[in-house]
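Trainee: I would like a close look at one part of this model, the salt bridges and what surrounds them. Please take it in one connected answer.

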Amino acid sequence: DPRMARLLIVGGGQRGIALAEAMRDRGHVSRIVTDDQSCRQTIESAGAECWIGTPQRLGTVTAALEGVTIACWMLGAASGSPEEVEELHGSLLSAFLGKAIDTTVRGVLYESAGTVEPSLLRGGEEIARRLTERNAIPLRILDADPEQRELWMAQAQRAVSELLGEA
């Protein structure tokens, strides 16, 4: 189906899986990146492709960009050392978006709310805005509080619809 889109969801945990289910119900396919092999069954049960990788080893994620329409960087609740989390919303985000330019990606969703230090999320949002604008790739910012699941899901779905030109 030419209207089918593929989303790459990096992070998001259970919220990312729920977004993949919602997208499946609308005729789209999602590929979810996880570094936890034990999540495979849950991801595949949601109708999504499981991709084993981690944004800390960017090569394991950039290979997952093949055939992707919308890239979702959903790491607003990322955990790890302060340095690791800073890299996720800084140098790794920048490198990821740099790789996405030469692919089929035609939209980016960046999660700018969660448990991560707000200044890091603002910095990541600025990187995402700068790089997507420079490369004429539409961007949507997901700034709903991840703890408010219904609001978060509604905003995520609306953002994807807008990026796909459905809204």
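Does Glu 125 count as buried or partly exposed, and at what relative accessibility?

Mentor: This is a predicted model, and everything below should be read as such. Glu 125 has 18% relative accessibility, so this residue counts as buried, the limit being under 20%. Its side chain meets that of Arg 129 in a salt bridge, with 2.8 Å from N to O. Arg 129, at 39% relative accessibility, counts as partly exposed. Both residues belong to helix α6, and because they are four residues apart there, about one helical turn separates them.

A search of the whole structure finds eight salt bridges, and the Glu 125 pair can be set beside two others. One of these joins Glu 162 and Arg 140, at 2.7 Å from N to O. This pair links distant parts of the chain, since Glu 162 sits in helix α7 (residues 149-163) and Arg 140 in strand β6, 22 residues apart. Glu 162 counts as partly exposed at 33% relative accessibility, and Arg 140 is also partly exposed, at 29%. Elsewhere, shared partners in salt bridges join Arg 6, Arg 31 and Glu 49 into one network.

Within that network, the closest N and O atoms of Glu 49 and Arg 31 are 3.0 Å apart. Glu 49 is in strand β3 (residues 49-52) and Arg 31 in strand β2 (residues 29-34), so this salt bridge ties together parts that are 18 residues apart in sequence. Arg 31 counts as buried, at 8% relative accessibility, while Glu 49 is partly exposed, at 29%.

The nonpolar packing gives the setting. The largest nonpolar core has 30 residues, and Leu 8, Trp 73, Phe 96 and Tyr 110 have the most contacts inside it. Among the elements that give two or more residues to this core are α6 (118-134) and β6 (139-142), along with β1 (6-11), β4 (70-74) and α5 (91-100). The biggest contribution is that of α5, with five residues. Once neighbours within four places in sequence are left aside, Phe 96 is in contact with Leu 8, Leu 58, Val 61, Thr 62, Leu 65, Ala 71 and Trp 73. There is also a second, separate core of 26 residues, which includes Ile 9, Leu 109, Leu 142 and Ala 159.

Definitions and conventions. Residues are numbered from 1 along each chain as its sequence is written. This is a predicted model: local features need pLDDT of at least 70, side-chain atom pairs count only at pLDDT 80 or more; totals for chains, interfaces and linings use all residues. Side-chain values use heavy atoms; hydrogens and water are left out. A nonpolar core is a set of buried Ala, Val, Leu, Ile, Met, Phe, Trp, Tyr and Cys residues joined through side-chain atoms within 4.5 Å. Buried means under 20% relative accessible area, exposed over 50%, partly exposed in between (1.4 Å probe, protein chains only). Contact means heavy atoms within 4.5 Å. A salt bridge is a side-chain nitrogen of Lys or Arg within 4 Å of a carboxyl oxygen of Asp or Glu.
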